[in-house]
Amino acid sequence: MPEIKIKLSAPDIGEGEIAAVNEVMRSGWLSLGPKVVEFEQAFASYLGCKHAVACNSGTSALHMMMLTQGIGPGDEVITPSFSFIASANCIEMVGAKPVFVDIDPISLNMNPRKIADAVTENTKAILMVHIFGLSAESADICDAADSFGEIPVLEDACESLGATAYGKKVGDGTSGRAAAWGFYPNKQMTTGEGGMVTTNDDDFALNIKRLRNQGRNPESTWLNHDVLGYNFRLDEMSAAMGTVQINRFDELMAKREEVAMHYNSRLRPLKDSLILPMELAGFTRSWFVYPLVLRQGWDRDKLFNELAEKGIQCGKYFSPPIHLQTFYKEKYGYKPGDFPITEGISNQAISLPFHGNLDAGEVDYVCDAIEELIKNSPDKIRQG
Ligand SMILES: *Cc1c(COP(=O)(O)O)cnc(C)c1O
């Protein structure tokens with residue numbers, strides 16, 4: 001394999017994060033201390049929601065949301081297949097069944113108009129996912145949920161911190177009942193590993209606090225456990241890092257925005273071959289990745305390999321989609337053709353190297369390589 005010159009993603013860590021983590025290490029107070037509380041307050045205040053409860057990953061956040069919503073064996077939860085696998089795994093983890101709906105080819109998010117086909121008498125929730133930093137059509141999804149007898153709506157917001165829809169921040173607790181966030185190093189902000197649940201619902205937040213800490217009620221004494229719980233706690237180093245990241249989140253977003261705008265301006269002339277990230281009226285994207293969809297005629301895997309040859313690391317988000325992952329195929333018998341829009345996008349989507357510290361020269365290097373292939377060596381990346 002050729003050496004990677006331009007990485008798919010990279011965290012943006014400043015001296016502030018380093019100092020904050022060092023301070024925790026010097027203090028000797030590494031867990032269940034003040035830093036998690038500080039991070040939760042800063043996060044809730046950024047979103048403008050009532051509760052933020054930190055945990056050790058986005059997947060744990062989703063898992064605890066399912067438990068708190070009371071989802072269990074025999075229940076069904078509606079969610080898109082075009083997502084990271086944790087969006088469906090969290091449903092399996094509580095013994096319930098994910099029921100997939102196809103996506104909208106423009107937004108790449110769950111198509112609200114297809115929810116009706118997925119609802120059954122066992123539907124207990126809709127988990128809407130905001131993919132690639134763009135909000136799902138949450139108003140339409142919530143309307144659909146209401147029309148089928150007030151199905152609760154939960155949000156997987158792991159890819160969309162800072163996105164807005166209808167003038168409000170995604171995951172502020174006014175759309176879904178609760179939202180899950182993840183802080184893995186490729187996300188808009190990171191704590192290494194880490195996650196959060198946000199909600200405006202007091203009981204929901206209290207239950208998340210119990211579940212993350214061995215079922216212990218936060219108000220009770222150490223060895224009293226009310227419910228079956230987990231150790232999903234976030235440590236103090238990670239939390240201290242998270243506070244610094246959320247406090248500089250506008251700066252982090254602005255840097256990513258600038259890189260995305262540079263990609264847009266360089267790639268727009270190639271739009272007969274490439275579909276650039278879409279904009280939706282009334283929604284603002286929080287740049288998570290830079291996702292392209294190749295038009296028919298171009299082979300995504302060939303382009304991916306050609307770029308890899310030049311040291312450009314790309315991503316195939318999300319290929320295969322969840323319903324065609326081995327576990328789901330074997331358990332439910334899914335086959336190609338079950339969700340045609342999802343599969344079509346999944347086959348043609350490629351994410352370019354993307355983070356806030358990519359410089360203009362690096363973006364140009366990537367765009368030059370793509371342009372060169374399309375214009376001068378099209379046979380290398382043609383389908384068939
Ligand atoms: C990253 C991500 C998650 C999981 O987050 P982890 O912190 O890696 O567990 C869940 N859902 C989506 C859509 C994600 O992108």
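## A walk across the domain interface

Start with the whole chain: the centres of domain 1 and domain 2, taken over C-alpha atoms, sit 26 Å apart. Keep in mind as you click around that this is a predicted model.

**Colour the two domains.** Select 15-247 for domain 1 and 250-380 for domain 2, as the domain assignment has them. Then pick out the residues in contact: you should end up with 43 from domain 1 and 32 from domain 2.

**Switch on a surface.** How much area do domain 1 and domain 2 bury between them? About 3300 Å², and carbon and sulfur atoms account for 65% of it.

**Zoom in on Lys331 and Glu92.** These two form a salt bridge, with 2.7 Å between the closest N and O atoms. Looking across the whole interface of domain 1 and domain 2, the count of salt bridges is one. Polar contacts are next on the list: 14 residue pairs make them across this interface, counting pairs with both residues at pLDDT 80 or more.

**Now show domain 1's side as cartoon.** Select helix 4 (86-93), strand 3 (97-101) and strand 6 (164-165); each brings at least two residues to the side of domain 1 that touches domain 2. Which of these elements gives the most? Strand 3 does, with four residues.

**Last stop: colour by residue class.** Stay on the side of domain 1 that touches domain 2 and you'll find 23 nonpolar residues, twelve polar ones and eight charged ones.

Terms used. Residues numbered from 1 in each chain as written. Predicted model: local features only at pLDDT ≥ 70, side-chain atom pairs only at ≥ 80, totals over all residues. Heavy atoms only, no water. Domains from an automatic or database assignment. Contact = heavy atoms within 4.5 Å. Buried area = accessible area lost by both parts, 1.4 Å probe. Salt bridge = Lys/Arg side-chain N within 4 Å of Asp/Glu carboxyl O. Polar contact = N/O pair within 3.5 Å; in protein donor to acceptor, adjacent residues only side chain to side chain. Nonpolar A, V, L, I, M, F, W, Y, C, P; charged D, E, K, R; others polar.
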